[in-house]
Structures are given as structure tokens and as C-alpha cells.
Amino acid sequence: MSAAGPPRPPHGRPKAGGQFPSGDRPPGGGGAQAPLRGDDTAAPGRTWRRRAPGETLRAWLALAVGAFVAAWSVSALDIEWAFFRDAHVQAADLLVRMWPPRWSYLPAILRPLVETIHIATLGTAAALVLSLPVAFLAARNTTANRATWLVGRAILVLSRSVNTVIWGLVFVAIFGPGPVAGICAVAARSVGFLAKLVAEAIEEVHVGQVEAIAATGARTPQVWAIAILPQVLPVLVGTAVYRWDINVRESSVLGFVGAGGIGLYLYASINQFAWQQVTVILIATSVIVLASEALSAFVRSRIS
Amino acid sequence: MEGGEAPLPGGAGEKRERLRVESLTKVYPTGKRALDGVDFTIREPGVVAVIGSSGAGKSTFIRCVNRLVEPTAGRILLDGVDLVGLDRAGLRAARRRIGMIFQEFNLVERLTVMENVLAGRLGHVGLVDTLRRRFAPADVDAAFDLLERVGLEGFHDRRADALSGGQRQRVGIARALIQRPDLLLVDEPTASLDPRTARQIMRLVRELAVERATPAIVNLHDVALAREFADRVVGFSAGRIVFDDAPVALDDSTLDRIYGGENWHAPPEDDPPSTSSGARPTTLDDAGA
């Protein structure tokens, strides 16, 4: 706060520089403090501010703009404030109805839980395979020309801009309800995610290694396989494992649109107001998501 | 100054031309004229050191020969074939006959020593075999022999990023030589190495070039190394060859011509006299670069 604080009053030492008589050291403070006190004579009145006055003004302006945007959004949304009045009552009521978990329901959801993991795993595996060619297409240094680069980029954008659940709706329409639609939805969303990060890795490979392999007279696919692929492999594997754990989470709601997995059971239990079953599903899903996150983090920490 | 191509010492006029470079010019998109009509011929095996100050065109010259840098004009004839006019397939075939060794070694860091050495044979292997790392038994045999020759026996399963600088450059040398090249391009092979390792590497390059009767063009920024290890020295200045003769002909006035005026008798900045016996190029205690 007091950036321009006044200098400490002088201690009245006869001489700065730490030349105290042996009995004159401050008790308890130890010898380490002595040189600091010796500096008290240094330039009084020096000031320092983290921000220049103009910058401070701009920071306040940014805060004001943020507050205005928030207020505007709230007023535009037509929020029913009356619902807030008894929200805590409703929440408490829901918690009471959710408790205790009906553990007898657990055996019934084990199969869909495993199915959820399978959907995530197969979807990620399919995305892993599909993302490599897309990545080489979308990386500036490996794509053939501007047109192929645009195709690669378009695939990235299309894949990434559509949510997994929306992809689920699309594939349920194509394949009908069930895990196949879920696998396709997960793969469709993950291809863009993986390919984007791998394409960035391809653009950042060590050029010298690529040059050296090209200089041996190798064909372009060989240069990619020998000089580029090993360099981006850690990114590919790490990203895929990371995406797998995201996919475990996302495929747990895919059942809402009929694309298989635990989501279907969650949706049904909510519709039936079977809140004690909902609790069991939420707990089981959390355990699986936590386990997949831990596994993913462990695998990624071992990649070198 | 103009096209200063001196005849080779020893009058090797009748020998066939292994490499002939004619009025090679390179102008970069920035407008910099890196090479300005370079004429250069190699008729016999041996080490040709290319010296010159930074930006004189040494690196551009060597990289134009295998077209890692596309020449703007001129001809590059390797055993009579003009590399400049070649299409992609022709260029690949030509590159298989040209081994290259780099300043930064340029090994694929995450691959093993053996994979890096065998990468020199990629021009003779299909894509599927490349992915499966299936190489001809003779090539694998040659790789083991070369690793032994460069002093890396038993290192074949080490990952390249686990090696020291000197060891990496030895792998780079093995990768270039397993191509059984007709020409070696060596771009500042010692610039990333300590002085002692630099001498070991230069000695190894020289020995192998002589053993295999392969001509080698070696960019060097160290005149002392050029004097000691080259059969012929070519001096570049501002994109032109201003000196081309035996190392003994390098005197202060020629160094002035190549580098510009300088006190050539100032105390040496690096490369003190080697205290090692110098007889064994296979020392493995290279310090990392």
C-alpha cells in the first residue's frame, strides 16, 4: 500500500556499515540483521509503483466495462428471481431425497458403466488413427499446398466446433441408438482435438532432423515416418491419453441422446425422480472419472 | 579475384571430374547474394576445407550442392549429371550418393543410434519396411561395422538423445558413410564441439574420407583445423572463391583476402595443442557439446 513510505528513522548509530562494538548487537535478531540496518542512510524518498497512473486508470476502466457487461447480460436474460428465494429449500429437499444412495441399484449399472469406458476408449482409438493424416494435412510444413491445408483446417474446425453430444445426435440419426453412435460421436469430436495439437507439434519439429533425413535421398513419406513421427509421438500419445480421460467424462452424458453408456440410466432415473439411484450413478461415475484422470496423468508423466 | 580457380597442386589434369560447379549463384528472397558465380571442381578424393567468415557463403555453397538450398543459377555436375535440373525422383537418386554431416548433428533424437545410422539407407528401402525398421542384412552389418569404426561399438541400442556431442557427431558420420557416398558434404562438423573433440572428429572425417577414397567438402570456421586436416583449402569471401590452393599456401596475405585484415599472430582463442596421444580416434570420453 504505502509504496512511497517514509524512510525509517535513523537509529543514531555512530557509523553505518555494520561496525558495531561486540556488545552492541541487537539481542535475539542475530548477526544477519546488522548489515541491513547499516543501509538506513541510503537515499530517502525513493518511490516505486507497480503501475504507471495511466495503467491504473486503464485497469479501473477494464473493471468497469466488465461490470457493465455482466449487468447487461443479467438484465437481458429475463431471470426469474423468485426462484432464488426458495432455492436453498429446494436444494436441501433434493439432497434429502437423494440420500441415502440406493446401493442395490449398483449391479444394474455396472454393465453400462463399462460400456461408457468402452465407448470412450474405442472412440479415442479411432480418433488417434484418423488424426494422424489430418494432422499432416493441417500442418503448414507437411501439407501439399494451400488447398490441402485448407481441407485439413476445415476438418479441424468442423470436428472441434460441434459438441460431442451434438455429434451423438447426428450419429444416432445415422446408426440408430446405441454405443456405435457414441463411439462415432467421441471419435468425431476427438479427431479435431488430437489433430490440432499434433499439427502444431509437426509445425514445431526440429527442421535439422528433417533436413538430414531428406538429404539421404529418402522419399517424403519416409522423411515423415523417420524424422517427424518420432518427434511428435510423445505429443500424439500424451494428447490421446488426455483426450481419453475427457472422453470418459463426455461419454457419460452421451446416453442422454441415446448414444449408449451410463447416461441413458442417469436420464431415466432423473425422469422417474429416482433420486437415490441418481446418487449411485453420480458416485459411480465420479469414481470412474477420477480413476481415468489418475491413470491418464500417470501415463502422461511416463512419456519421454 | 575473378573466378579465382587455381589449378590443383600436383597437376591432376587428366583425372575425371567428380564434382564440377559452374557459376553457381544463390540470391535469397531477402535480396542477399550469398553465392556470386562460384566455379569449383573436384578431381580427386581428399578433404577440401572451405573457409571464410560468417556470411561468406560457405554454408549456402555446401547446401546448394545437394539442393537443400535451391541454387538461383549455375550448374552442379556430379559425375557428369547436372543436379540443378533434376526432378524430385532424380534428386533423391542423386542425394543417395551424397552423404551429409551437420553442425548440429541432426540425429533424430528419439530414435536409437542404429535407427539413425540405418536412416542413411532409406533411399533403398520402401515405406512399409521403413515403418517396420526392416533393413537389408548387409546394411545392418555395415552399420555395425561403421559404429565400430567410429568408436561407438555397443552403442547401437542407445537413444541418440542420451549421447554426448562428440558421440552424436560420430553417429552422424556413420549415417553419412553408410550411404556409400561418392561425395561427402560436411557443414561445420566441429562448431558445436569442444576443441579436443573437434580435432578427434576432424581426424575421423579425414581418415574415413581417405580410406574410402571419397572426396569431402568440409566447411570450417577454424583455420588451424583446415591447415591440419585438409588437402586443399578454398577461401570464400562475399560469395566468391578468393583462394583455392594447398593449405601450405595459406599465409597472412591470403587470410587477409579471405577474412579481411586482422592480426593473425594474436594469441589463439581456442584449440590449444592437443595433449592426448592423438593416435586413437575412438576415444569415447567426449564432453557433451
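These are my notebook entries on the contact between chains A and B and on the aromatic rings of a predicted model.

**Entry 1: the interface**

I looked up which parts touch. I found 22 residues of chain A in contact with 29 residues of chain B. For the size, I took the buried area, since an interface is often described by the accessible area lost when the parts come together. Chain A and chain B bury about 2100 Å² between them. Of this area, 58% is on carbon and sulfur atoms.

**Entry 2: polar links**

I then listed the polar links across the interface. There are 10 residue pairs in polar contact between chain A and chain B, counting pairs with both residues at pLDDT 80 or more. The salt bridge count between the two chains is one. I traced this bridge to Arg63(B) and Glu211(A), with 2.4 Å from N to O.

Next I checked the chain A side. Helix 9 (207–214) and helix 10 (220–251) each supply at least two residues to the side that touches chain B. Helix 10 gives the most, with nine residues. By class, I noted 12 nonpolar, eight polar and two charged residues on this side of chain A.

**Entry 3: aromatic rings**

I searched the whole structure and found nine aromatic pairs over all chains. I looked up Phe40(B) and Phe61(B): their ring centres are 5.3 Å apart and their planes stand at 85°, so I recorded the pair as edge-to-face. Phe40(B) belongs to strand 2 (residues 33–42) of chain B and Phe61(B) to helix 1 (residues 58–65), so the pair links parts of the chain 21 residues apart. Both Phe40(B) and Phe61(B) are buried.

In chain A, I noted one aromatic cluster formed by Trp167(A), Phe171(A) and Phe175(A).

Methods:
Residues numbered from 1 in each chain as written. Chains lettered and ligands numbered in written order. Predicted model: local features only at pLDDT ≥ 70, side-chain atom pairs only at ≥ 80, totals over all residues. Heavy atoms only, no water. Contact = heavy atoms within 4.5 Å. Buried area = accessible area lost by both parts, 1.4 Å probe. Salt bridge = Lys/Arg side-chain N within 4 Å of Asp/Glu carboxyl O. Polar contact = N/O pair within 3.5 Å; in protein donor to acceptor, adjacent residues only side chain to side chain. Helix = DSSP H or I, 4+ residues; strand = E, 2+ residues; numbered from the N terminus. Nonpolar A, V, L, I, M, F, W, Y, C, P; charged D, E, K, R; others polar. Phe/Tyr/Trp six-rings, centres within 6.5 Å; stacked < 30°, edge-to-face > 60°. Buried < 20%, exposed > 50% of the residue type's maximum accessible area, 1.4 Å probe, protein only.
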